[in-house]
Amino acid sequence: MDVLKMSSFSTHSTVANPQHWKYGHYFEFLSTKDLNIKVRCTLCVGEKVLSTFKNTTSNLKKHLESQHSTVKLTERVPPSGPKQRAVTSAEGPTPPKQQKLDFGAKPVSDEELKKLVAQYIVEEMLPINTVDSPSFRAIIKKIPTSVNAELPHRTTFTSYLEKEFTEMERNLKATLNEIDFVSTTADIWTANNRSYMGVTLHWISRTTLERHKVALACRRIRGRHTYDVIGTEIENIHSSYGLLNKVVATVTDNGSNFVKAFQVYHPVTESDDETEEEEPSPKDDDVTFSDLSEILSAENESDGQLSLPPHRRCASHTINIICTRDVEKHLTTNAESRAVYRSSTAKCTALWTKSSRSTLASETVEEISKRKLLIPTSTRWNSFFDAVKRIAEIPMGELNTLCTKLGLKCFKDQEYQFLHEYCMAMKPLTAALDILQGDCPYGTLLPTLEVLMQKTQAVKDDLSRMTAGLPDAIVQAIQTRFAGVLDDKDALLAAASCPKFKLRWLRDAGRRERVKQLLTAECCTTAPLAKNPASVPSATTSSSQGEMDFFTFEAEPEEETYSAEKEVMDYLMSGYDLQILHKFSSIKTIFLKYNTPTPSSAPVERLFSLGGLVLTPKRNRLSDKRFEKLLSQNPLRFYP
């Protein structure tokens, strides 16, 4: 009997006992000494050695119950076959050989394997020839797959990506067919001596009221970036997805070429049509002859005329201009701040230059201040503010010690104070930029600007004579550069139809009442025809009116007519959760129409950031079409 017990451990390397325990295959035999056996649990992470008696499994059973209670244990299944030899004893049959562990994972099919690899390569911005790498294919071979499942090589895998891109485009177009209002952002990006037009698409789900956005295109444009080239490319991208009559606005930066494109190719309005109709016509007696070729050429020109959607300027770019041009103009022209502004920024620039060009200087900065300096970039004012703030956070003594070791001029008390006051006055602008650059609706713009001006004026009392006029200069710049937006109908309706804003951001009672009337008038226009019985034509005609007069019935109760004033009042009295819009159909439609655009063009700039990871110098031979498809197929293209 003892010989059979010992052989079950030494031969099969699996825990067994006289009763041939059913969970013995979860333990691996290590050694034996006298009546004790040492085993390793295969379910534990690392080397978990357990000791048990030869004729009992209670210790191992307790280990499974305490450490692996959440694991679904499978019992040992003896193998079957004609060559299986049943060795029996007085206590029962000898346990079979150890079976392969079953982790419960199903084999990956051929289609699943290609989809997983494609997702990995596109999301990680890897070259397509990664599938030909021997080390990568060795990893893939370790994945349990179904019969005949094999990872294709580069050429075949490229065809698979093309097919997936076509399917994705078809699904996107099918989704856009069910959407009423969309908006786009557009910009031009240059990398590796190539220029690309990037366009992102945005919409709000009518059922869930969630915002969605997708990278629509990143197409190569050649030649000069003139307004006609930009207008043609934007319309081609819109028309390729059937969006010509759905785009409520396109957001771009303040570049003169973009601004002129939308000014020249603006859509024809009703007032333009009326103006054309009011032109004097010839008398009935007069005969007018016209050149047929001129008529045909005029029709061809009208057919080829571009028609772009309404234009929205990027609010973040406008604030960026305020922070750089307008603020710098005020500080350099004001006698109280001119000298200290120039000297303090010059010393900050010297610190940034020294620490960025010398490793020894960078180590000295980190040794003294226990932090690294931030180096500003020319395209983002936020980086300049963060860099100045990092210097202002260093105590005065440590800062001058650092300047002395680096051989730079030390900061004076007045200069150090100016840096603190500059950060204090400009802090509301940084908060506003962070809000507007996020994925927020267009209705966020006006409340943000109103609160920005209030918070900027609030810090005025804490400033000295050096920067006392800075808050007034910032507010004046906001009112000047956003003059066309502060009283814009679309912006007012967008803010009023946002439940979290409504009319709370308006402090002036007269302006609040005017926006309320504007919202009421828009509800009357937007209200469905079925809600306004007065506008529904009578179902009876004059021929059947006599028959209806013959029949006399009891008068039916009148249906409740739609009241825009009541809907607006109920809406303003309701809560601030976004889902309350489902109770107010007209205001919900207003919200979808005017809040679909974003206040800034930051989404398309994020698209270019992804493009920089794809179009690297080592992949400069990548074709324009392949680059656009790889960028569009990236899972980050879609944002929930």
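**Helix over the small sheet.** I started with helix α2, residues 58-67, in this predicted model. Helix α2 lies across β1, β2 and β3. I looked up its direction too: α2 runs at about 140° to β3.

**The sheet underneath.** Next I wanted the strand order. I find an open sheet of three strands, ordered β1-β2-β3, and the pairing is antiparallel. Which strands stand at the edges? They are β1 (27-33) and β3 (49-53); each has a single partner strand, so one side of each has no neighbour in the sheet. From one strand to the next, I note an average twist of 30°.

**Register of β1 and β2.** I then checked how β1 meets β2, the strand at residues 36-41. The two run antiparallel and are joined by six bridges. For a handle on the register, I took Glu28: its bridge partner in β2 is Arg40. A reminder to myself while looking at side chains here: in a regular strand they alternate between the two faces of the sheet.

**Over to β9.** I moved on to strand β9, residues 247-252. Is β9 mostly covered or mostly open? Mostly covered: six of its six residues are buried. For burial I kept the cut-off in mind, under 20% relative accessible area.

**Partners of β9.** Which strands pair with β9 in the parallel sense? I have β6 (residues 182-191), which pairs with β9 over four bridges, and β10 (residues 311-313), which does so over three bridges. I jotted down one residue pair for each. Ser183 has Ala249 of β9 as its bridge partner, and Thr250 is partnered by His311 in β10.

**Largest pocket.** Last, I went for the pocket. The largest one holds about 440 Å³ of space. Its lining comes to 19 residues, and nearest the centre I find His317, Asn320, Thr379, Arg380 and Glu605. Two elements, α10 (315-333) and α24 (602-614), give two or more residues to this lining. Which element gives the most to the lining? It is α10, with four residues.

**Lining chemistry.** I also looked up the make-up of the lining of the largest pocket: ten residues are polar, five are charged and four are nonpolar. If I set up a view of this pocket, I'll centre it on the residues already noted, among them Arg380 and Glu605, which belong to the group nearest the centre.

Notes. Residues are numbered from 1 along each chain as its sequence is written. This is a predicted model: local features need pLDDT of at least 70, side-chain atom pairs count only at pLDDT 80 or more; totals for chains, interfaces and linings use all residues. Side-chain values use heavy atoms; hydrogens and water are left out. On a 1 Å grid over the protein atoms alone, a cavity is a set of points where a 1.4 Å probe fits but cannot get out, and a pocket is an open set with protein on both sides within 12 Å along at least five of seven lines; lining residues have an atom within 4 Å of a point. Grid points are joined across faces, edges and corners, and a volume is the space filled by probe spheres set on the points. Ala, Val, Leu, Ile, Met, Phe, Trp, Tyr, Cys and Pro count as nonpolar, Asp, Glu, Lys and Arg as charged, and the others, Gly among them, as polar. Buried means under 20% relative accessible area, exposed over 50%, partly exposed in between (1.4 Å probe, protein chains only). Two strands pair if DSSP finds at least two bridges between them. Axes are lines fitted to C-alpha atoms, for helices over the stretch in contact, and angles run from 0 to 180 degrees between N-to-C directions. Contact means heavy atoms within 4.5 Å.
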